[in-house]
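Colleague: Please take me through the surroundings of the ligand slowly and in full sentences, as I am in my first year. Before you get there, a few words on the backbone and on the protein as a whole would help me to find my way.

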Amino acid sequence: MKKSHWAEPYKIKMVEPLRKTSREERKKLIEDAGFNTFQLKSADVYIDLLTDSGTSAMSDRQWAGLMMGDEAYSGSRNFYHLETVVQEYYGYKYVVPTHQGRGAEHLIARLLIRPGMYVPGNMYFTTTRLHQELAGGNFTDVITDEAHDPDSDFPFKGNIDLQKLEDIIRKAGAANIAYLSLATTVNMAGGQPISLENMKQVRKLTQQHGIRIIHDMARVAENAFMIQQHEAGYADRTVASIVKEICSLTDGAVMSGKKDALVNIGGFLALNDEGLYEEAKNLVIVYEGMHTYGGLAGRDMEAMAIGITESLEEAHIAARVYQVHYLGNLLKEAGIPVLNPIGTHGVFLNARSFLPHIPQTHFPAQALTVALYEAGGVRTVERGIVSAGRDKETGDHHYPSLELVRLAIPRRVYTLSHMDVVADAIIETYENRDSIPGLAFTMEPKYLRFFQARFRQLAPEPALTTP
Ligand SMILES: *Cc1c(COP(=O)(O)O)cnc(C)c1O
């Protein structure tokens, strides 16, 4: 793809200086951080690919929107603007703002899950599964097998396996399925999209059983772009119209505005069922705030309303995804083991292949995040056994098939030169990979352990003799 087809559709009006550190400084800093990139200070990071969540650059229009904040306690005009935008672009009837995506996950889990119920989904997400479990539910993975294979080139690894879905419905009984949790682009699978064809089949099956679909729509625009690019029959459709079609196949949504919607904070729960909306409106007051602000300032709702419209512009979404692919292709050309196909919000390194000498119980992906920070001041995140947490019944680790390091690209923040620097740091690390040691916990928190855990480095692993 020629760069003239997707060069950044904006120019830069304000800059934030970056700070470089030396390798010696970084060795000390990451040790002080307990070998956990979440525990580093942002000021000590050169290029920050920890997450694309809340880290995007807002536009001049969004900043202008902040000045239009109506900070009335209730009935803020920014709420009505947000509501109108959600109705117009996503097609959902009712909107309850929340402070971010997990606020909405909490509400829907409390409203629809009774202890012992099942919640099938296309792969787990950390906060999503935890809210389901805290409400007494059992998450069941029904994603297609290809999603668990980092080398498969299947373009729609977010698809749901209909047989797996039917099996859990038969096993649990439809009445014991709280809802189907359907994510557009599957974060933990490597930012992989679901096809509309698959969604239509899933809709048919769940409707036969009277099962609701709750849509995790954090990156629905990115998913729609991949449908436009790769699904037969959608090449001439706008991303906006594909987004609306996706939403029309679901009954409600949880949204983290910190992803697609280009804001630093914000989210919402969207619903079509009036009765459920009444309950959500009541419950949100307990945990977030009145149903016309849900823990957000008026200005935050305004920025999110504007961000949603910008997220659906063709030039924006093409530049966003192709920047990610630019980095992915640099790495592939250098022979670095990356997850295929390249995702939409980040490039995912396959830590099992990168560090074959480190067993999964010594946290290879976490060890790789440490090495990448030491090499280039690049902050990344583990998406493997540490993120997967423990089984709530047995107490043992979950052992995910994917042991990944995510390089999440914030939207509209970094340039292609930054992507080149990141690629160089990774290539250098790959050349010295044999000396990277595994890790062990020194402190393991109970919930979402990856955020706050601390580790120590183990003695060097015995080198594998390469044939
Ligand atoms: C970020 C994210 C969430 C949670 O949203 P927060 O805004 O971080 O609370 C839920 N699902 C997916 C797929 C996400 O990426």
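Modeller: Let me start with F35, a residue in the loop that runs between α1 (23-32) and β1 (47-48), and add at once that what you are looking at is a predicted model. F35 is worth a pause, as its phi is positive, at about 55°, although F35 is not a glycine. A second backbone detail is found at N340 and P341, which are joined by a cis peptide bond with an omega of about -20°; P341 belongs to the loop between α12 (314-333) and β9 (346-350).

Stepping back to the whole, you can count 17 helices and 14 strands in the protein, and its C-alpha atoms fill a box of roughly 60 × 55 × 45 Å along the principal axes. The radius of gyration is 22 Å, and this agrees with a compact globule, because a globule of 467 residues would have a value near 23 Å.

With that frame in place, we can turn to the part you asked about. The ligand has 13 residues around it, and those that come nearest are G101, R102, D216, S256 and K259. Two of these can be followed through their backbone: a backbone N or O atom of G101 is 2.9 Å from an oxygen atom of the ligand, and for R102 a backbone N or O atom lies 2.8 Å from an oxygen atom of the ligand. S256 takes part through its side chain, of which a polar atom lies 2.6 Å from an oxygen atom of the ligand. As for how much of the ligand is covered, the ligand taken alone exposes 380 Å², and the protein buries 95% of that.

The space that the ligand takes up is the second largest pocket. If you ask which elements build the shell, those that give two or more residues to it are α4 (101-112) and α5 (126-134), and the largest share, 3 residues, comes from α4. G101 and R102, which you have already met among the residues that come nearest, fall within the range given for α4. Sorted by class, the shell around the ligand holds 6 charged and 6 polar residues, together with 1 nonpolar residue.

Technical notes. Residues numbered from 1 in each chain as written. Predicted model: local features only at pLDDT ≥ 70, side-chain atom pairs only at ≥ 80, totals over all residues. Heavy atoms only, no water. Near = heavy atom within 4 Å. Polar contact = N/O pair within 3.5 Å; in protein donor to acceptor, adjacent residues only side chain to side chain. Areas by Shrake-Rupley, 256 points an atom, 1.4 Å probe, with all protein chains shown as cover. 1 Å grid on protein atoms, 1.4 Å probe; cavity = no way out; pocket = protein on both sides within 12 Å on 5 of 7 lines; lining within 4 Å. Sits in = over half its atoms within 2 Å of the grid points. Helix = DSSP H or I, 4+ residues; strand = E, 2+ residues; numbered from the N terminus. Nonpolar A, V, L, I, M, F, W, Y, C, P; charged D, E, K, R; others polar. Rg over C-alpha atoms; globule rule 2.2 N^0.38 Å.
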